[in-house]
Amino acid sequence: MQAWRGGTRAAHQALEKRLDLLRPEITRSQYSDLLAMFFGFYSSFEKVLLDGGGAPGRYLAARRPRLPLLQADLAALGMAPTALAQLPLAPVQPFWRGEPLRLWGLLYVMEGAALGGQIIARQLGPRLQLEPRAGLSFFCGRGAGTGASWRAFGAQVRALSLTPRELREAVRGAQQAFVDLESWSCERLPHFTSGAR
């Protein structure tokens, strides 16, 4: 876990700066756009995990994918099912195919996002008048169980007993996940950080 944190710090900070989810001027419309962007990313990358087979996919399936939370939030914000079905999906490069170690890195980013979402939910909920089950479920995640879920993921990873080479490959996956998400956010939300609408 320390190797992942250290190896992804720069990419993680770049994404946080790019999206700046806690800025005070964010609107409900921008928030809806943000969820639509995440929907496109999670649609593609949870599928990569689930279709990739192996331990990372089984882990995600057992913990429940987060895509349904995004679907529910977008519906609560007024997006019709037909509009949801037409949202663009993030491209998946060959880097991810048949690489279970890299997929552990992708899962690290997704599990970390669930943990960090707790802070975002506490800030955005009152500001945008959102409820945990009505527009905020993606960021609320597993609620009070989120910390325990993160610890369980850490225990699962430690049990893998990765060699140094395998760990480097897993860190590469996490780095690329942050890069892919930032690239997708730039494409889908080009003015998001400026507050422009």
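Okay, one definition before anything else: when I say "helix" today, I mean a DSSP run of H or I at least four residues long, numbered from the N terminus. By that rule, Arg172 has its place in helix H9, and that's where I'd like to begin. Just keep in mind that this is a predicted model.

So, Arg172. Is it buried, exposed or in between? It's partly exposed, with a relative accessible area of 38%. If you leave out residues up to four places away in sequence, Arg172 touches Phe95 and Arg102. There's also a link across the chain here: the C-alpha atoms of Arg172 and Leu106 are separated by 9.2 Å, although their positions lie 66 residues apart along the chain.

Let's move to how two of the helices meet. Helix H1 covers residues 2-19 and helix H6 covers residues 100-128, and their axes come within 12 Å of each other. At what angle do they cross? Roughly 75 degrees. Anything from 65 to 115 degrees counts as roughly perpendicular, so H1 and H6 are roughly perpendicular to each other. On the H1 side, the contact is made by Trp4, Arg5 and Thr8, and on the H6 side by Trp104, Gly105 and Tyr108. If you sort those contact residues by type, you get three nonpolar, two polar and one charged.

While we're on H6, find Gly116, which sits in that helix. Gly116 is partly exposed, at 28% relative accessible area. Gly116 and Gly141 are 25 residues apart in sequence, and 9.7 Å apart in space from C-alpha to C-alpha.

Now for the inside. In soluble globular proteins, nonpolar side chains tend to be buried together. Here, the largest nonpolar core has 57 residues, and the ones that touch the most other members are Trp4, Leu19, Tyr31, Leu34, Phe38, Phe139 and Phe153. Which helices feed into it with at least two residues each? H1, H2, H3, H4, H6, H7, H8 and H9. The largest share comes from H2, with twelve residues.

Take Tyr31 from that list. Setting aside neighbours within four places in sequence, Tyr31 is in contact with Ile26, Leu77, Leu124, Leu128, Leu130, Gly135, Leu136 and Phe139. Compare Ser32, which lies in helix H2. Ser32 is buried as well as polar by type, with a relative accessible area of 18%, and the cut-off for buried is under 20%. Leaving out the same sort of sequence neighbours, Ser32 is in contact with Leu74 and Leu77. So Leu77 turns up for both Tyr31 and Ser32.

Next, the aromatic rings. How many aromatic pairs are there in the whole structure? A search finds 17. One of them is Phe38 with Tyr42, an edge-to-face pair at 6.3 Å centre to centre, with 70 degrees between the planes. Phe38 and Tyr42 are four residues apart in helix H2, so about one helical turn separates them. Phe38 is buried at 7% relative accessibility, and Tyr42 is buried too, at 3%.

Tyr42 has another partner, Phe138: that pair is also edge-to-face, 5.2 Å centre to centre, with 85 degrees between the planes. This one links distant parts of the chain, with Tyr42 in helix H2 and Phe138 in helix H7, 96 residues apart. Phe138 is buried, at 2% relative accessible area. Zoom out, and ring pairs join Tyr31, Phe38, Phe41, Tyr42, Phe45, Phe95, Trp96, Phe138 and Phe139 into a cluster. Phe95 may ring a bell, since Arg172 touches it.

Last stop, the backbone. Most residues other than glycine have a negative phi. Where should you look for positive values here? Asp20 has a positive phi of about 45 degrees, although it isn't a glycine. Asp20 sits in the loop between H1 and H2 and is partly exposed, at 33% relative accessible area. Then there's Gln129, with a positive phi near 55 degrees. Gln129 lies in the loop between H6 and H7, and it's exposed, at 68% relative accessible area.

That's my tour, thanks for listening.

Definitions and conventions. Residues are numbered from 1 along each chain as its sequence is written. This is a predicted model: local features need pLDDT of at least 70, side-chain atom pairs count only at pLDDT 80 or more; totals for chains, interfaces and linings use all residues. Side-chain values use heavy atoms; hydrogens and water are left out. Axes are lines fitted to C-alpha atoms, for helices over the stretch in contact, and angles run from 0 to 180 degrees between N-to-C directions. Angles under 35 degrees count as roughly parallel, over 145 as roughly antiparallel, 65 to 115 as roughly perpendicular and the rest as oblique. Contact means heavy atoms within 4.5 Å. A nonpolar core is a set of buried Ala, Val, Leu, Ile, Met, Phe, Trp, Tyr and Cys residues joined through side-chain atoms within 4.5 Å. Buried means under 20% relative accessible area, exposed over 50%, partly exposed in between (1.4 Å probe, protein chains only). Rings of Phe, Tyr and Trp (its six-membered ring) pair if their centres lie within 6.5 Å; planes under 30 degrees apart count as stacked, over 60 as edge-to-face and the rest as tilted.
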